[in-house]
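Welcome! Below are some short exercises, each followed by a worked solution. Take a look at the structure, try each task, and then read on.

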Amino acid sequence: MHPRLNSDLLLTAAITHDLGRTREFTFGSEIGLTEEGRLLGHVAIGHRLLSERSGSLDATRTLPLLHCVLCHHGPATAPSGKFGLPEALALYRLNALDASVKGALEHGLAD
């Protein structure tokens, strides 16, 4: 039997996986990298922001979310080198699809 996706976890991960980008970039007349963004990147920043703000939640909720955030660029970024949850795999594939469609729209749709 295949594990069933936790849709609440997947939706929360989809909403928060790029949260670190809010601190990765400077916003003004030009967009640039903050020192924090240059040194840590949005994945580590997002992990920290979620960890700092999830104090009242128990580990059964926070650990899966943090795993999804850490893995949204692929299994190589996972601590074990592979996805530990089906939601992490789903988020990775959805994120890759989003990037692919965005690229196609920005550079012209392929025939």
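**Exercise 1. Find what covers the buried residues of helix 4.**

Solution. This is a predicted model, and we can start in its interior.
- Step 1: The cover over the buried residues of helix 4 includes helix 1 (7–16), helix 3 and helix 5.
- Step 2: Now look at what is being covered. The buried residues in helix 4 are Thr62, Pro64, Leu65, Leu66, His67, Cys68, Val69 and Cys71.
- Step 3: To call them buried, we need the cut-off, which is under 20% relative accessible area.

**Exercise 2. Check whether the span of helix 4 agrees or disagrees with its number of residues.**

Solution. Count, multiply, compare.
- Step 1: Helix 4 covers residues 59–71, which gives 13 residues.
- Step 2: The expected span is 1.5 Å times one less than the number of residues, so helix 4 should span 18 Å.
- Step 3: In the model, the end C-alpha atoms of helix 4 are 18 Å apart, in agreement with the expected value.

**Exercise 3. Describe the surroundings of His47.**

Solution. We begin with its place and then look outwards.
- Step 1: His47 belongs to helix 3.
- Step 2: With a relative accessible area of 25%, His47 is partly exposed, because that value lies between the 20% limit for buried and the 50% limit for exposed.
- Step 3: Setting aside neighbours within four places in sequence, the contacts of His47 are Leu66, Val69 and Leu70. Two residues on the list of buried residues in helix 4, Leu66 and Val69, appear here again.
- Step 4: Gly20 sits 27 residues from His47 along the chain, yet their C-alpha atoms are separated by 7.5 Å.

**Exercise 4. Work out how many salt bridges there are, and examine some of them.**

Solution. Side chains of opposite charge can pair when their charged atoms come close.
- Step 1: The cut-off is a side-chain nitrogen of Lys or Arg within 4 Å of a carboxyl oxygen of Asp or Glu. Counting this way gives 7 salt bridges.
- Step 2: One of them joins Arg21 and Asp18, with 3.8 Å from N to O, so the pair falls within the 4 Å limit. Arg21 is partly exposed at 31% relative accessibility, and Asp18 is partly exposed at 27%.
- Step 3: Another links Glu35 with Arg38, whose closest N and O atoms are 2.8 Å apart. Both residues lie in helix 3 (residues 35–53), 3 residues apart, or about one turn of the helix. Glu35 is partly exposed at 47%, whereas Arg38 reaches 51% and counts as exposed.
- Step 4: Glu106 and Lys102 also form a salt bridge, with 2.8 Å between the closest N and O atoms. They both belong to helix 5 (residues 86–107) and are 4 residues apart, about one turn of the helix. Lys102 counts as partly exposed, at 47% relative accessibility.
- Step 5: Finally, salt bridges link Glu36, Arg48, Glu52 and Arg53 in a network.

**Exercise 5. Classify the aromatic pair as stacked, edge-to-face or tilted.**

Solution. Here we need a distance and an angle.
- Step 1: The structure holds 1 aromatic pair. Its rings belong to Phe83 and Tyr92, with centres 5.5 Å apart and planes at 40°.
- Step 2: Stacked needs planes under 30 degrees apart and edge-to-face over 60, so this pair is tilted.
- Step 3: Both rings come from partly exposed residues: Phe83 has 22% relative accessibility and Tyr92 has 26%.

**Exercise 6. Locate a nonpolar patch on the surface.**

Solution. Now we move to the outside.
- Step 1: Leu94, Leu97, Val101, Leu105 and Leu109 make up a nonpolar patch, and together they have about 520 Å² of accessible area.
- Step 2: Leu109 is in the segment after helix 5 and is exposed, at 63% relative accessible area.

**Exercise 7. Sum up the whole chain: which elements does it have, and in what order?**

Solution. Step back and view everything at once.
- Step 1: The protein chain has 5 helices and 2 strands, running α-α-β-β-α-α-α from the N terminus.
- Step 2: Its C-alpha trace spans about 45 × 40 × 25 Å along the principal axes.
- Step 3: Of the 111 residues in the protein chain, 30% are buried.
- Step 4: The protein chain exposes about 7700 Å², with carbon and sulfur atoms supplying 60% of it.

How values were computed:
Residues numbered from 1 in each chain as written. Predicted model: local features only at pLDDT ≥ 70, side-chain atom pairs only at ≥ 80, totals over all residues. Heavy atoms only, no water. Buried < 20%, exposed > 50% of the residue type's maximum accessible area, 1.4 Å probe, protein only. Phe/Tyr/Trp six-rings, centres within 6.5 Å; stacked < 30°, edge-to-face > 60°. Patch = residues over 30% accessible without salt bridge, like charges linked within 9 Å, V, L, I, M, F, W, Y side chains within 5 Å. Areas by Shrake-Rupley, 256 points an atom, 1.4 Å probe, with all protein chains shown as cover. Contact = heavy atoms within 4.5 Å.
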